[in-house]
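Got your viewer open and a selection box ready? Let's take a walk through this model, one stop at a time.

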Amino acid sequence: MSKKPIIVFEGIEGSGKTLHANHLSKYLKKKKIKFIKLREPGGNISSEKIRKLILNNKSNFHKVTDLLLYLASRNENLENSIKKNYGKKIILIDRFIDSTVAYQHYGMGIDYKFINFINDFLIKKIKINITFLNLVNVKNLRLRLSRRKNLNRYDKFKFNFYKKIQNGYIKISKKNKNKYVMIDSNEPILDNKNRIIKEVNKLLK
Ligand code: TMP
């Protein structure tokens with residue numbers, strides 16, 4: 001196992017993935033462990049430009065255009081940040097290839113093989129070591145979505161859409177069970193935070 005793993009946080013809106021990615025980055029900083037942290041869409045200057053374009057409330061792209069923009073943003077991250085640091089520093093990513101399969105295939109119905117083909121073409125030999133899949137129950141999802149302010153284009157989907165995507169994530173994780181750690185985001189944050197740190201420390205040993 002690589003001592004400089006790629007660690008990915010996935011999950012739907014309100015699942016706590018960004019919170020945990022931020023907690024982990026604070027922990028690594030405190031321990032003086034070198035890492036880089038990215039988010040998708042976004043991550044570096046050019047991909048943040050693409051992020052703004054996709055998520056802007058005034059944008060109204062066709063679903064395949066959205067897909068291609070997410071992939072374009074990913075390519076910028078791969079070429080400018082991930083490939084350079086792969087194996088040299090820990091790489092934390094808030095959303096990665098599974099988001100595209102979950103949202104664009106399971107959510108929007110775009111062909112699975114097409115998405116996988118481009119994802120594979122972009123990431124080449126790069127391997128994700130662990131994915132923390134953050135899951136939220138129906139009650140908390142309703143509550144958390146209702147509390148959101150400043151909604152972007154992708155925050156405005158209907159409740160059932162997010163349920164479909166979360167089920168999609170679960171299907172994806174079943175294909176490669178040993179690379180996924182399920183985080184039940186209905187449990188206390190502190191317990192989950194400690195669990196994530198424990199899992200990461202196992203990887204770094
Ligand atoms: P965020 O809220 O985690 O910053 O993500 C922004 C939105 O982008 C979120 O609704 C999920 C969506 N998304 C996709 O639909 N496909 C993708 O490939 C990625 C990376 C994100």
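Start by selecting Ser47 and Asn77: their side chains make a polar contact, at 3.4 Å. Keep in mind as you click around that this is a predicted model. Ser47 has its place in helix H2, which runs over 45-55. Is Ser47 buried or exposed? Its relative accessibility is 0%, so Ser47 counts as buried, the cut-off for that being under 20%.

**Next stop: the ligand**

Now select the ligand and show the residues around it. The space that the ligand takes up is the largest pocket. Three elements each give two or more residues to the shell around the ligand: helix H2 (45-55), helix H3 (63-85) and helix H4 (97-107). Which of the elements gives the most to that shell? H4 does, with four residues.

Try colouring the shell by residue class. You should find five nonpolar, three polar and six charged residues there. There are 14 residues around the ligand, and the ones that come nearest are Glu13, Arg51, Arg95, Thr100 and Gln104.

Put some distance labels on next:

- Lys17: a polar atom of its side chain lies 2.8 Å from a ligand oxygen atom.
- Arg51: here too, a polar side-chain atom is 2.8 Å from an oxygen atom of the ligand.
- Gln104: an N or O atom in its side chain sits 2.8 Å from a nitrogen atom of the ligand.

With the labels on, switch to a surface view. How much of the ligand's accessible area does the protein cover? On its own the ligand has 480 Å² of accessible area, and the protein covers 93% of that.

**Backbone oddities**

Stay with Arg95 for a moment, since you already have this ligand neighbour on screen. Arg95 lies in the loop between strand S3 (90-94) and H4. Check the backbone: phi is positive at Arg95, about 80°, though this residue is not a glycine. For background, most residues other than glycine have a negative phi, and most peptide bonds are trans. Arg95 counts as buried because its relative accessibility is 11%.

Now jump to Lys32, in the loop between helix H1 (17-30) and S2. Lys32 also has a positive phi without being a glycine, here about 60°. Buried or exposed? With 76% relative accessibility, Lys32 counts as exposed; over 50% is what that takes.

Then select Glu40 and Pro41. The peptide bond between them is cis, and omega is near -10°. Pro41 is in the loop between strand S2 (35-39) and H2.

**Last stops: two lysines in loops**

Select Lys58 in the loop between H2 and H3. Lys58 has a relative accessibility of 80%, so this lysine counts as exposed. Add Asn152 to your selection and draw a line from C-alpha to C-alpha: Lys58 and Asn152 are 9.5 Å apart in space, while 94 residues apart in sequence.

Finish at Lys177, which is found in the loop between helix H7 (159-174) and strand S5 (180-184). Lys177 counts as exposed because its relative accessibility is 63%. Draw another C-alpha line, this time to Leu135: Lys177 and Leu135 are 42 residues apart in sequence and 15 Å apart in space.

Conventions
Residues are numbered from 1 along each chain as its sequence is written. This is a predicted model: local features need pLDDT of at least 70, side-chain atom pairs count only at pLDDT 80 or more; totals for chains, interfaces and linings use all residues. Side-chain values use heavy atoms; hydrogens and water are left out. A residue is near a molecule or strand if one of its heavy atoms lies within 4 Å of it. A polar contact is a pair of N or O atoms within 3.5 Å; within protein, one must be able to donate a hydrogen and the other to accept it, and residues adjacent in sequence count only if both atoms are side-chain atoms. Accessible areas come from the Shrake-Rupley method with a 1.4 Å probe; for residues, only the protein chains shown count as cover. On a 1 Å grid over the protein atoms alone, a cavity is a set of points where a 1.4 Å probe fits but cannot get out, and a pocket is an open set with protein on both sides within 12 Å along at least five of seven lines; lining residues have an atom within 4 Å of a point. A molecule sits in a cavity or pocket if more than half of its atoms lie within 2 Å of its grid points. Ala, Val, Leu, Ile, Met, Phe, Trp, Tyr, Cys and Pro count as nonpolar, Asp, Glu, Lys and Arg as charged, and the others, Gly among them, as polar. Buried means under 20% relative accessible area, exposed over 50%, partly exposed in between (1.4 Å probe, protein chains only).
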